[in-house]
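Trainee: I should like to learn how to read burial, salt bridges and sheet order in a model of this kind. May we take the features in turn?

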Amino acid sequence: MTFDDGEGSIERLYEVVDSPPYREIPGVTVTHVFSTGEGDEVRTATYSDYVSAMNDGGTTGYERTYAVDGNTLSLKEEFERDQVILTVNGMVVSSFPKQINLEDSVDMRYGNLGLVRKTDRDSGTSETIMVGQRGPEAWEVFTVDPEGDAVRESIPSIHELRRDPDTVRIINHSGAHSESIGYHSQLTEGLPAFSFPVFFPFITFVVSGGMVYGLVRKREGWTS
C-alpha cells in the first residue's frame with residue numbers, strides 16, 4: 001500500500017500495481033496530525049505539508065490514524081521518546097520501540113510497524129491487521145475483530161512463525177521486517193544440496209544394476 005496518488009495527497013491509501021494510476025483502497029482513510037510544544041495540533045493533508053511539519057523545529061509529536069470500516073487504529077509518537085503507541089478504537093493496546101527508516105517518508109517511516117487489510121476472496125469480508133516487530137525474530141499481530149476489539153497474537157520466534165504460512169504472508173505484506181520471510185527453515189532449504197552428492201550416485205547404481213540384471217536374465221532365457 002502507498003499514500004501516493006500522484007497528486008501529493010496522503011489521506012487515502014492506494015494499492016500498488018505495475019504502473020500508475022494506483023487503485024484506491026475503499027473504506028480506508030488516514031489522518032496525519034502533528035503536535036507542537038505550545039499544545040497545538042496541525043493536520044497535514046499533502047506530502048509537502050507533511051515534510052514541512054516533520055522538519056519544523058517546534059514540532060514535538062506525530063500521530064497517524066487509520067479509519068478502516070468503522071474502526072480506528074493510530075500510531076502515536078513523541079519525538080523525544082523512543083516509543084510508538086498503538087491505539088485501537090481509543091484503547092491503548094501496545095507500544096513498540098521506535099524504529100525510523102526515513103524521517104520524511106510517509107510510506108516507510110516505521111521499519112517495524114505495518115498495516116495489512118486481508119480480504120477473503122470467496123466471501124469478500126475483510127480483516128484489519130496491525131503488525132509490530134518486537135525483536136529480530138519476534139512479532140505481535142493485532143487483528144480487529146467484528147466487535148472492534150484488538151485480538152493479540154504473539155509470535156516469539158521465526159520457528160513458530162514458519163508453522164503458519166498465512167501469518168508469514170501477513171508479515172511480509174506489512175513491511176514490518178527488513179527482508180521477505182520464507183515458509184521453511186534454512187536447514188530445510190539446504191537439504192537438497194547436502195543429499196544430492198549422497199543419494200544421486202546410490203540411485204544411479206541401483207538403477208544401473210537393475211538394468212544389467214534384467215538384461216542378463218533376458219539373455220539366459222534366450223540361451224536356455
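Mentor: Let us begin with burial: a residue is called buried when its relative accessible area is under 20%, and exposed when that area is over 50%. The model before us is predicted. Ser 94, a residue of strand 7 (residues 91-97), has a relative accessible area of 9% and is therefore buried.

Trainee: Which residues does Ser 94 touch, leaving aside those up to four places away in sequence?

Mentor: Its contacts are Val 84, Ile 85, Leu 86, Arg 134, Glu 140, Phe 142 and Arg 152. Two of these involve polar contacts between side chains: one with Arg 134 at 2.7 Å, and one with Glu 140 at 3.3 Å.

Trainee: With which residues does Glu 140 form salt bridges?

Mentor: A salt bridge requires a side-chain nitrogen of Lys or Arg within 4 Å of a carboxyl oxygen of Asp or Glu. Glu 140 meets Arg 134, with the closest N and O atoms 3.2 Å apart, and also Arg 152, at 3.1 Å from N to O. Since Arg 152 belongs to strand 11 and Glu 140 to strand 10, this second pair ties together parts that are 12 residues apart in sequence.

Trainee: Are the three partners buried or exposed?

Mentor: Glu 140 counts as buried, because its relative accessibility is 9%. Arg 134, at 37%, is partly exposed, and Arg 152, at 43%, is likewise partly exposed.

Trainee: How many salt bridges does the model hold?

Mentor: The count comes to 11. Another of them joins Glu 11 to Arg 43, with the closest N and O atoms 2.9 Å apart. Glu 11 lies in the segment before strand 1 (12-15) and Arg 43 in strand 3 (residues 41-44), so this bridge links parts that are 32 residues apart in sequence. Arg 43 is exposed, because its relative accessible area is 55%.

Trainee: In what order do the strands of the open sheet run?

Mentor: To read a sheet, one follows the pairing from strand to strand. Here four strands form an open sheet in the order 8-9-10-11, with antiparallel pairing. Strand 8 and strand 11 are the edges, each pairing on one side only. From one strand to the next the twist averages 25°.

Trainee: Which individual pairings should I examine?

Mentor: Strand 8 and strand 9 (residues 126-135) pair over seven bridges, and Leu 113 stands opposite Gly 132 in strand 9. Helix 3 (residues 165-174) packs on the sheet and touches strand 8, strand 9, strand 10 and strand 11, its direction making about 125° with that of strand 8. At the other edge, strand 10 and strand 11 (residues 150-155) pair over six bridges, with Thr 143 opposite Val 151.

Trainee: What connects strand 10 and strand 11?

Mentor: The two strands form a hairpin with five residues between them, and Gly 148 in the turn has a positive phi of about 90°.

Trainee: How many residues make up the largest nonpolar core?

Mentor: A core of this kind is a set of buried nonpolar residues joined through side-chain atoms. The largest has 27 residues, and Phe 3, Leu 13, Tyr 50, Tyr 66, Leu 75, Leu 86 and Met 130 have the most contacts inside it. Elements that each supply at least two of its residues include helix 1 (47-54), strand 8 (113-119) and strand 10 (138-144). Apart from this core lies another, of 13 residues, among them Val 116, Ile 158, Val 168 and Ala 176.

Definitions and conventions. Residues are numbered from 1 along each chain as its sequence is written. This is a predicted model: local features need pLDDT of at least 70, side-chain atom pairs count only at pLDDT 80 or more; totals for chains, interfaces and linings use all residues. Side-chain values use heavy atoms; hydrogens and water are left out. Buried means under 20% relative accessible area, exposed over 50%, partly exposed in between (1.4 Å probe, protein chains only). A polar contact is a pair of N or O atoms within 3.5 Å; within protein, one must be able to donate a hydrogen and the other to accept it, and residues adjacent in sequence count only if both atoms are side-chain atoms. Contact means heavy atoms within 4.5 Å. A nonpolar core is a set of buried Ala, Val, Leu, Ile, Met, Phe, Trp, Tyr and Cys residues joined through side-chain atoms within 4.5 Å. Two strands pair if DSSP finds at least two bridges between them. Axes are lines fitted to C-alpha atoms, for helices over the stretch in contact, and angles run from 0 to 180 degrees between N-to-C directions.
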